[in-house]
Amino acid sequence: MDEILENLLKRIENKEITVGIVGLGYVGLPLAVEFGKAGIRTIGIDVNQARVDQLNAGDNYIQDVNDAELKALVDAGTFTATTDFSSIKHIDAICIAVPTPLSKTKDPDITYILDVNKELIRYVHKDLIIVLESTTYPGTTRELLQPAIEASGLKVGTDVFLLFSPERVDPGNPVFHTTNTPKVIGGVTENCLKLGMAVYAHVMDKLIPVSSPEAAELTKLLENTFRSINIGLANEMAIMCAKLGVNVWEVIDAAATKPFGFMKFTPGPGLGGHCIPIDPHYLSWKMRTLDYKARFIELASEINASMPEYVVDLVSDGLNGMSKSINGSNILLLGMAYKPDIDDVRESPALDVYALLEAKGARVSFHDPYVDEIKFDSRMESTIDLEMDKLSEYDCVVITTNHSEYDIKAIVENSKLIVDTRNATAGMGNGTVIKLGAG
Ligand code: SAJ
C-alpha cells in the first residue's frame, strides 16, 4: 500500500476522520451513535428535515437507540444531523443505509440509492471511503455506484474506495445489536477493503471480509432468503397439519429437540418487516435478468403471502361454528406490529388481516401497546384500550402478534372466540380457541 494510503490508514486508526451516515433509520442511526460513542466525529445525513431537527434537539426516535447516549453525543457536538449533502466535502468515510423497498410489481426500487448517488457524484472527493449498506441485488455496488463515481475522474481503489457491507439489524433483538453482530464486508479492490475494515474496526466486534462486493451483497440475500423460505415451510406445515388433524406447534417443538441439523421456524399470519418479505425479491429479480427463475423464492413468497387469507378463513370457520358470519361481526385484532414487542407495522400481516376482514363486512378494531394508530387508505385508526370486561363485546378476537405484555389467560377467559395465529394460547384448552395449524 503506497504512502498516501498508509497515511490515510493512520488517520483512520487515530480517529482523525469524520464519518457520514446517510439514512438515519433503524440501521443508520444506531450505526451513527456507535461511531460517535467511539469518539469519532459523525455527521448524519437524512432528507427528512423533521428527523434532522429532532436529532439535533437530542430526541431519539429509534427503539434500539439509547436516548441518553444520543443526547450526550449531540450535546458534545460529536454527532450532528443535516439534510445538506454538501457535508460530504468534510466527510472521510460515508455509510449509505437508505431503504430499498419493492415497487408495486415486486421489482427492486433503488430510487433512494440513485438519489444518494446523484449527491455523491456532486461531492465525491479524493480519499473518500464509500460503503453501501442497503440490502440490494448483487452487482449494484460495482455496476451502479462505481461508474457514477468514476465519471468524476476519480478512480476506485486509488482515489476513492468503494465497498458493500450489509446491515444485519434485528430490531428489538435483546442480545444482538450493531456492534456485536459480525459484519460482512466486501471491497471493490484490496485497498478498498483494507480502508473500509479500518473504519468499521472502531465500532464492530468482528469483521468478516469477503472477496468482492457481490459476495457481500449475496451474503445478505442468502440470510434473508433462508428465513423467508423456512418460514414458508413452517406456514405450509401449518396448513398440512390442520388437514391432518395434527398440532403443528407440537410437531415443530418436537423437531426442535433435534440437537443438530434443524432450525426452528414457526407459522404465523404472514411475513412482516422491512426485510424478509422484500429482500429475496431482489435476488429473484436479478436472476430473471439472467433468464433464471428462482423457484424457492417465488414459492415461499406465494405461501407466506397467502397466510392472511388463511387466517381470515379460520375466523370465518370460528364464527360459522357460532352461526355467525364475518359480515356484521365485531372483530378485535391483538397486535398490529409485525413481530412482538416492537412498534413497527411495515408490511405487517396484521394490516392485511384487518383489511380482508373489513372488506368482508366486519367491524374491525385493534389493540397494540406499541402502535397508537395505523393508516388505512386515507383514514387513521387508533388502538382501543384493552379492557378484559369489554372483550365479550367482540364476536372474535384474533391474536395476530403476541406481545409479551398480553395476559393471554385473561384474554381467553373473557373472549367468546379466539383465533390464535402465534400459539400464544398454548396449553389453554378452551373450546373458544381456534389455533393456526392445530387441526
Ligand atoms: N416470522 C415467522 N416465523 C418465524 C420467524 C419470523 O412467521 O419463525 C415472521 C415474523 O413474525 C415477521 C417476519 O417473519 O413478521 C420477519 O421476522 P424476523 O424475525 O426475520 O424479523 P426482522 O425482519 O425484523 O429481522 C430480520 C432479522 N431477524 C433475525 O435474524 C431473527 C434478520 O433476518 C435481519 O438481520 C433483518 O431482518 C434485516 O434487517 O435484514
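Student: Which residue follows α3, and what is its phi like?
Tutor: Gly 58 follows α3. The phi of Gly 58 is positive, near 80°. Keep in mind that this is a predicted model.

Student: What about the other end of α3? Which residue caps the N-terminal end?
Tutor: Asn 48 does that job for α3, which covers residues 49–56. A side-chain oxygen of Asn 48 lies 2.9 Å from the backbone nitrogen of Ala 50.

Student: New topic, the ligand. How many residues surround the ligand?
Tutor: There are 19 residues around the ligand. The closest are Lys 220, Asn 224, Arg 227, Thr 266 and Tyr 338.

Student: How do they split by class?
Tutor: Eight are nonpolar, four are polar and seven are charged.

Student: Why does the ligand lie between domain 1 and domain 2?
Tutor: Because both domains give residues to the shell around the ligand. Domain 1 is 3–211 and domain 2 is 213–439.

Student: Which ligand atom is 3.1 Å from the side chain of Lys 339?
Tutor: An oxygen atom of the ligand, paired with an N or O atom in the Lys 339 side chain. Asp 170 also places a polar side-chain atom 3.2 Å from a ligand oxygen. With Arg 168, a polar backbone atom is 3.5 Å from an oxygen of the ligand.

Student: How much of the ligand does the protein bury?
Tutor: The protein buries 86% of the 740 Å² that the ligand exposes when taken alone.

Student: Okay, cavities. How many are 30 Å³ or more?
Tutor: The count is one cavity. The largest cavity has a volume of about 120 Å³.

Student: Which residues are closest to its centre?
Tutor: Glu 167, Arg 168, Val 169, Thr 178 and Met 204, out of 14 that line the largest cavity. By class, that lining has six nonpolar, three polar and five charged residues.

How values were computed
Residues are numbered from 1 along each chain as its sequence is written. This is a predicted model: local features need pLDDT of at least 70, side-chain atom pairs count only at pLDDT 80 or more; totals for chains, interfaces and linings use all residues. Side-chain values use heavy atoms; hydrogens and water are left out. A residue is near a molecule or strand if one of its heavy atoms lies within 4 Å of it. A polar contact is a pair of N or O atoms within 3.5 Å; within protein, one must be able to donate a hydrogen and the other to accept it, and residues adjacent in sequence count only if both atoms are side-chain atoms. Accessible areas come from the Shrake-Rupley method with a 1.4 Å probe; for residues, only the protein chains shown count as cover. Ala, Val, Leu, Ile, Met, Phe, Trp, Tyr, Cys and Pro count as nonpolar, Asp, Glu, Lys and Arg as charged, and the others, Gly among them, as polar. Domain bounds come from an automatic or database domain assignment. On a 1 Å grid over the protein atoms alone, a cavity is a set of points where a 1.4 Å probe fits but cannot get out, and a pocket is an open set with protein on both sides within 12 Å along at least five of seven lines; lining residues have an atom within 4 Å of a point. Grid points are joined across faces, edges and corners, and a volume is the space filled by probe spheres set on the points. Helices (H or I, at least four residues) and strands (E, at least two) are DSSP runs, numbered from the N terminus.
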